[in-house]
Amino acid sequence: MSNYLSAKHIGLVLGPVVFLLLHFDILSLVDNSGDTALGFEVDTLLGITLWMVIWWMTEATHIAVTALLPLTLFPLLGITPIKEVTPHYAHPMIYLFFGGFVIALALERVNLHRRIALNILKLTGTRADGIILGFMMATTLLSMWISNTASTVVMLPIATSVIQLLINDEDGYSKNDRRFALSILLGIAFAANIGGTATPIGTPPSVFVIGLLEEQYNIQISFAKWMSFGVPFCLVLMGLTYLILVKIIYPNGLGRLHDSEQLIQIELDKLGKMNRSEILTAVIFFLAGLSWILRSSLNNWFDWSLSDTSIAMIAAMLIFVVPFDFKKRKFPLRWLDTSRLPWGILVLFGGGIALASALDNAGIVDMVGSFIASKSTWSLLLMTVVLIALVLFMTELIGNLPLVTVLSPLIAGLAVQINIPLLQILIPTTLAASCAFMLPMATPPNAIVFASGHIQVMDMAKAGIILNIVSVILLTILAYFVMPMVF
């Protein structure tokens with residue numbers, strides 16, 4: 001714990017120190033023979049970038065506080081006027097994610113997410129491997145629409161109840177029982193990470209990159225377009241993860257678990273029949289999902305101008321204003337409930353987009369891309385593999401959103417410099433940030449299941465290293481064979 005706190009203390013001081021050294025040209029990284037078109041020295045912007053990276057990596061302060069640095073420093077230092085910085089913090093992609101947050105919060109508040117998960121488990125039978133598959137399917141589906149953390153938190157208590165059945169049976173907690181426990185817990189964590197890749201709102205890095213592409217390159221990726229490659233990738237990786245866990249790494253040899261069906265039914269009975277709040281929330285959720293998928297057709301049929309963001313905001317508004325009990329003025333969600341929304345993530349998006357815009361306008365993104373391109377004699381295939389692997393394995397130690405926020409503009413600049421399709425490399429590397437399976441600190445789901453007490457670090461690393469390699473291979477296939485067909 002002392003080392004962890006020490007890193008925070010060091011980072012808190014080191015960030016601004018590095019900035020000051022660069023700003024006052026004490027530690028010059030570039031030749032400042034002339035100013036950029038915006039009239040500021042490149043070293044100053046690099047100093048702010050490194051300041052943000054250091055604070056994000058060491059968690060010296062909350063990630064949202066770090067994301068406010070462009071808003072405070074850019075106008076102060078003459079990098080960008082305040083009226084040009086603030087729009088980045090109100091980017092349409094931020095409101096898309098806000099709408100997604102509201103929908104997810106409503107699902108949780110009325111307990112609909114738990115009902116969905118339990119009914120999926122009920123359908124997958126009572127055989128041990130089938131139960132593991134059911135937990136992974138339910139977690140994947142939930143993680144497509146609500147945060148991977150919430151998905152894991154929903155599934156973990158149910159999973160530990162099933163594990164407790166094995167601990168209390170006649171033969172006690174056998175070797176096969178432990179393998180089953182490892183498969184079900186790791187399966188939940190890994191499925192939560194994977195599920196977020198299927199939709200644009202499933203994981204924050206996806207939303208950030210969509211906003212970056214629209215802001216800097218005028219490239220728009222619709223909800224349906226993302227799902228056209230996200231869902232197949234998610235299903236293939238989830239299926240391979242299941243097979244690797246239950247057939248290769250931790251085969252359990254267990255057959256039918258007789259009491260598991262009763263346990264799941266007991267949990268469903270506790271929920272009772274669907275009430276009006278659940279039904280209303282389910283209808284709004286279904287209509288929002290359908291509208292995202294059919295947006296282009298709806299615009300053609302009705303001469304509308306719907307965007308993915310507007311659909312999210314309409315759904316969010318309906319959740320707040322359509323009552324399930326008109327007389328008592330009860331709604332699926334109250335504004336008071338939004339205190340649980342991760343507002344800091346929305347601020348982080350704004351700060352990341354503001355930083356990326358400044359780096360691009362200053363020519364730093366192109367400069368880095370040109371430098372790497374000039375020094376490398378690698379083939380495009382090798383460079384793709386290396387970048388995907390770099391992002392994936394770095395995510396084991398650094399939060400995926402800060403990592404993507406810093407690296408995505410640089411990867412995009414590199415793609416432009418070496419003349420490869422931008423989306424062909426940027427999207428797979430973004431998805432790679434959600435495929436860290438080795439260490440408990442890599443993602444919140446990994447940490448949550450590790451805290452259950454049934455998993456050791458080597459248990460996770462043993463399966464995680466294989467899945468990391470599998471992910472690199474799948475993402476490379478996605479980059480070279482799938483992306484050219486989609487775009």
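At 0% relative accessibility, cysteine 435 counts as buried, and this value, like the others below, was computed on a predicted model. The sulfur of cysteine 435 lies 9.6 Å from the closest cysteine sulfur, which belongs to cysteine 234. Because a disulfide requires two cysteine sulfur atoms within 2.5 Å, that separation is too far for a bond. Cysteine 234 is likewise in no disulfide, although cysteine 234 is also buried, with a relative accessible area of 2%. The structure as a whole holds 0 disulfides.

The nonpolar interior can be described next. The largest nonpolar core contains 165 residues, of which Phe135 and Trp292 touch the most other members, while α12 is the element that gives the most to this core, with 13 residues. Leaving aside residues up to four places away in sequence, phenylalanine 135 is in contact with Leu121, Met155, Ile158, Ala159, Val162, Ile184 and Ile188.

Helix α12, which spans residues 223–249, is also among the elements that the buried residues of α21 pack against, together with α11 (204–217), α19 (380–395), α20 and α23 (457–486). Helix α21 itself covers residues 422–432 and is mostly covered, with 11 of its 11 residues buried. Among them are Leu422, Gln424, Pro428, Thr429 and Thr430.

The model also has open and enclosed spaces. The largest pocket has a volume of about 1,200 Å³, and of the 39 residues that line this pocket, Ile63, Thr149, Ile345, Asn400 and Pro444 are the closest to its centre. Several helices each supply at least two residues of the lining, namely α2 (42–58), α6 (92–109), α9 (148–167), α17 (343–361), α20 (400–417) and α22 (444–450), and α6 gives the most, with 6 residues. By class, the lining of the largest pocket is made up of 24 nonpolar, 12 polar and 3 charged residues.

As for enclosed space, the structure holds 1 cavity of 30 Å³ or more, and the largest cavity has a volume of about 40 Å³. Its lining is formed by Asn148, Asn193, Thr203, Asn400, Ser434 and Thr443, and by class these divide into no nonpolar, 6 polar and no charged residues. Asn400 therefore appears in the lining of the largest cavity and, by the 4 Å criterion for lining residues, is also listed for the largest pocket.

Three loop residues deserve separate mention. Histidine 88 sits in the loop between α5 (82–85) and α6, and histidine 88 is buried, with a relative accessible area of 8%. Not counting residues up to four places away in sequence, histidine 88 touches Ile94, Glu215, Gly350, Ile353, Ala354 and Ser357.

Asparagine 218 is placed in the loop between α11 and α12, and asparagine 218 has a positive phi of about 55° although it is not a glycine. Aspartate 303 is found in the loop between α15 (295–302) and α16 (308–321), and phi of aspartate 303 is likewise positive, near 55°. As background, most residues other than glycine have a negative phi.

The accessibility of these loop residues and of the two cysteines is set out below.

| Residue | Relative accessible area | Class |
|---|---|---|
| Cysteine 234 | 2% | buried |
| Cysteine 435 | 0% | buried |
| Histidine 88 | 8% | buried |
| Asparagine 218 | 66% | exposed |
| Aspartate 303 | 69% | exposed |

Definitions and conventions. Residues are numbered from 1 along each chain as its sequence is written. This is a predicted model: local features need pLDDT of at least 70, side-chain atom pairs count only at pLDDT 80 or more; totals for chains, interfaces and linings use all residues. Side-chain values use heavy atoms; hydrogens and water are left out. On a 1 Å grid over the protein atoms alone, a cavity is a set of points where a 1.4 Å probe fits but cannot get out, and a pocket is an open set with protein on both sides within 12 Å along at least five of seven lines; lining residues have an atom within 4 Å of a point. Grid points are joined across faces, edges and corners, and a volume is the space filled by probe spheres set on the points. Helices (H or I, at least four residues) and strands (E, at least two) are DSSP runs, numbered from the N terminus. Ala, Val, Leu, Ile, Met, Phe, Trp, Tyr, Cys and Pro count as nonpolar, Asp, Glu, Lys and Arg as charged, and the others, Gly among them, as polar. Buried means under 20% relative accessible area, exposed over 50%, partly exposed in between (1.4 Å probe, protein chains only). Contact means heavy atoms within 4.5 Å. A nonpolar core is a set of buried Ala, Val, Leu, Ile, Met, Phe, Trp, Tyr and Cys residues joined through side-chain atoms within 4.5 Å.
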